[in-house]
Amino acid sequence: MKSFKFLAAAAILAATVSCASIEKMAQMAENVKVSSDPGVLEAANGDIDAVVAVTYPADYFNPKAILEVTPVLVYEGGEAAMKPFIYQGEKVKDNYKVVSSDGQTVREKVHFNYVPGMEKSHLELRGVARKGEKFVNLPVKKVADGVNTTYMLVKRDGFVTPKADAYQDVISSTAEGQIKYLVNSADVRNSELKGKSVKDFLAAIDQINADARTTIKGTEILAYASPEGPERKNNELADKRSASANKALKEMGKKHENLAGAEVKSLGEDWEGFQQLVKESNIEDKELILRVLSMYSDPAVRENEIRNMSQVFTALKGEVLPELRRARLIANVEYQNYTSEELLKLLNDNADVLDEEALLRTATLVKNNDQKEEIYKRAVSKFGSERAQFNLAALYLSEGKLDKAEDALSKVHSGDADVLNAMGVIALRKDDLATAANCFRRSSAPDAKKNLGIVQILTGDYEDAAKTLADVDGCCHNTVLAYILTGQLDKAAKTVSCKDQKVTYLKAIIAARKGDAAGVRENLNAITNRDLLARAKKDVEFAGYTW
C-alpha cells in the first residue's frame with residue numbers, strides 16, 4: 001500500500017513539474033525579443049510582407065515543449081491571422097523547427113493581403129505552448145505598429161492623349177505660271193503672254209483678290225536657262241530672262257492687283273528641273289542620264305557626258321530642254337481658315353462644310369463630352385477617320401467608361417504606338433498589370449513611359465519607377481511619389497512643380513520623413529480634401545505628429 005501511494009505521489013509531482021515547465025515559458029515571455037523588417041509594415045501591390053525575428057533566451061524553450069506562434073494583424077474592423085509557425089524543443093520527436101534550450105533566434109516571413117483599415121493596425125504574435133495534453137497561452141507579443149500605404153497615393157488611371165488634328169489656322173499655297181523662251185533668247189513672246197499658263201495664273205490672281213480670306217503675301221520670279229552650252233553664257237541668259245519677265249509682270253500688274261514688287265532671282269542652269277523632267281519622261285536611256293547626274297557635279301562634265309550619247313541628247317533636245325528655258329511667276333498665298341468662333345458656329349449651322357481636320361479641331365473647342373462624342377462619330381462616319389475613332393476611345397477612358405473605350409479602340413485598325421498605349425491603360429484599369437506593362441514597353445508614345453512608371457509603383461518596383469519617370473514631363477505627382485518611395489527626398493522636393501491637394505499631401509510626407517514637424521503642419525493644414533484629411537489621421541507617415 002505504501003508503495004502504491006508513493007507511485008501516485010510521484011505521478012502527481014511529475015505532472016505538476018511538467019505543467020510548471022511550460023508555465024515558465026509564459027512567465028519568462030518578457031525576455032523574448034521580437035522585431036520586424038521593415039520596422040513599419042508596408043503594403044506593395046496589395047501585399048503586406050515582412051520578416052519577423054524572435055529571439056528566445058537561454059533556458060527558455062522547454063526541450064519537451066511544442067510552441068505554436070500565430071502572426072495576427074489587428075486593424076480597424078477586424079483582424080487577419082496567418083497559419084501558425086510551429087516549433088519544438090530538442091527532445092520532441094516530431095518534424096517541426098527545433099529551437100535550442102541554449103537560446104536561438106528564428107526568422108519567419110509573414111504575409112497578409114491588404115484590406116482597407118489596415119493603415120491603423122498592429123502586428124502581434126500569439127503563442128501557445130504545449131506539452132502532452134497540457135497547454136499554456138503565452139502573453140501576446142506586439143511586433144509592429146501600422147501599415148504604410150504611401151504607394152497607394154499613385155495616380156493610377158493612366159495617361160491617354162487624344163490624337164492631334166492637322167487643322168491649319170493659316171494655309172499657305174502658291175499660284176504659278178510660266179513664260180517660256182526660245183533657245184538663246186530672253187525676249188518675252190506675245191504668244192506666251194496669251195498662253196494657257198499665264199492666263200491661268202492671272203485668273204487665279206483675280207480669284208484670290210476677290211476672296212476676303214485669301215491674301216497674296218508676295219510674288220517671285222525665278223528665271224533659268226537650259227543646261228546646254230557654256231555655263232557663263234547661260235547665267236547671263238538667265239539674268240536677261242529675269243529682267244524681261246519682271247517687266248512683263250509689272251505690265252500684268254496694271255490690270256491685276258498685288259503683282260507689283262516681285263522678288264527676282266536668276267538661277268542659271270536648271271539642273272534640278274532637268275533631273276525631274278528626265279525622271280518623269282519616257283526616254284529610253286533615262287536611267288543612264290540620271291546615273292551621269294549622280295556621278296558628276298561639274299556642269300560642263302555633265303553636259304559633255306550627255307552630249308556623247310548622241311541619240312539620248314537628241315531626245316533631250318526635243319522633250320526636256322525646251323521646258324527649261326523659262327521664267328516662273330509665283331504668287332505666295334495665305335488663306336485664313338475658320339476661326340474657333342466660326343468653327344463652333346458652323347458646327348451648329350452648317351456642319352457639312354467641315355472637313356475631317358476641322359471636325360477634329362472643333363472637338364477640342366467644345367466643353368461638353370456628349371458634343372465631343374457626336375463630333376468624333378461624325379468624323380468617323382463621314383471620313384472614316386482613324387484619329388476620331390481613337391479619340392472616341394480616349395474620351396470614354398476619360399469618363400471611366402471602360403467597356404465603351406475598349407469597344408471603340410477595337411475599331412482602330414492602325415495598331416500604332418498610341419493604340420498600344422491605350423490598350424495598356426485599359427489593362428491597367430482592369431488590374432492586369434503584366435499586360436499593361438507589356439503594352440507600355442512596346443509603345444513609343446510619350447504617355448507610355450508615364451504609364452509604365454505607374455505599373456512599376458503598383459508592383460513595388462520603386463527603383464525602376466524612379467528611373468522611368470525621371471525625365472518624363474507632365475507626371476509631377478507620380479515622379480515625386482517614386483522619389484519618396486526610394487528615399488530620394490531632396491529630389492522629391494525639387495521635383496514638385498504641380499499644385500494640387502495630393503501633391504501637398506506628398507510634400508507633408510517628405511517633411512515627415514525629414515523630421516520637419518513645421519513642414520508637416522504647414523502642408524497638412526493647407527489640405528481641404530476630406531478624404532486626404534481622414535487618411536492623414538491614420539497614416540503611419542505622420543505618427544507622432546500633430547497639426
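**Helix α3 and Arg-326**

Modeller: The buried residues of α3 pack against β13 (170-180), α2 (190-193), β14 (214-225), α4 (231-253) and β16. Contact here means heavy atoms within 4.5 Å. Helices (H or I, at least four residues) and strands (E, at least two) are DSSP runs, numbered from the N terminus. The model is predicted: local features need pLDDT of at least 70, side-chain atom pairs count only at pLDDT 80 or more, and totals for chains, interfaces and linings use all residues. Numbering runs from 1 along each chain as its sequence is written, and side-chain values use heavy atoms, leaving out hydrogens and water.

Biologist: How do you know that the buried residues of α3 line one face?

Modeller: Val-198, Phe-201, Leu-202, Ile-205 and Ile-208 are buried. Seen down the axis, they fall within an arc of 120°, so they line one face of the helix. The arc is taken from directions running from the helix axis to the C-beta atoms. The face turned away carries exposed Lys-196, Lys-199, Gln-207 and Ala-210.

Biologist: What span should α3 have?

Modeller: The expected span is 1.5 Å times one less than the number of residues. For the 15 residues 196-210 that gives 21 Å, and the end C-alpha atoms are 21 Å apart, so the two agree.

Biologist: Why is Arg-326 called buried?

Modeller: Buried means under 20% relative accessible area, exposed over 50%, partly exposed in between (1.4 Å probe, protein chains only). Arg-326 has 13%, so it is buried. It sits in strand β16 (residues 326-336).

Biologist: What makes a polar contact with the side chain of Arg-326?

Modeller: The side chain of Asp-270, at 2.5 Å. The limit is a pair of N or O atoms within 3.5 Å; within protein, one must be able to donate a hydrogen and the other to accept it, and residues adjacent in sequence count only if both atoms are side-chain atoms.
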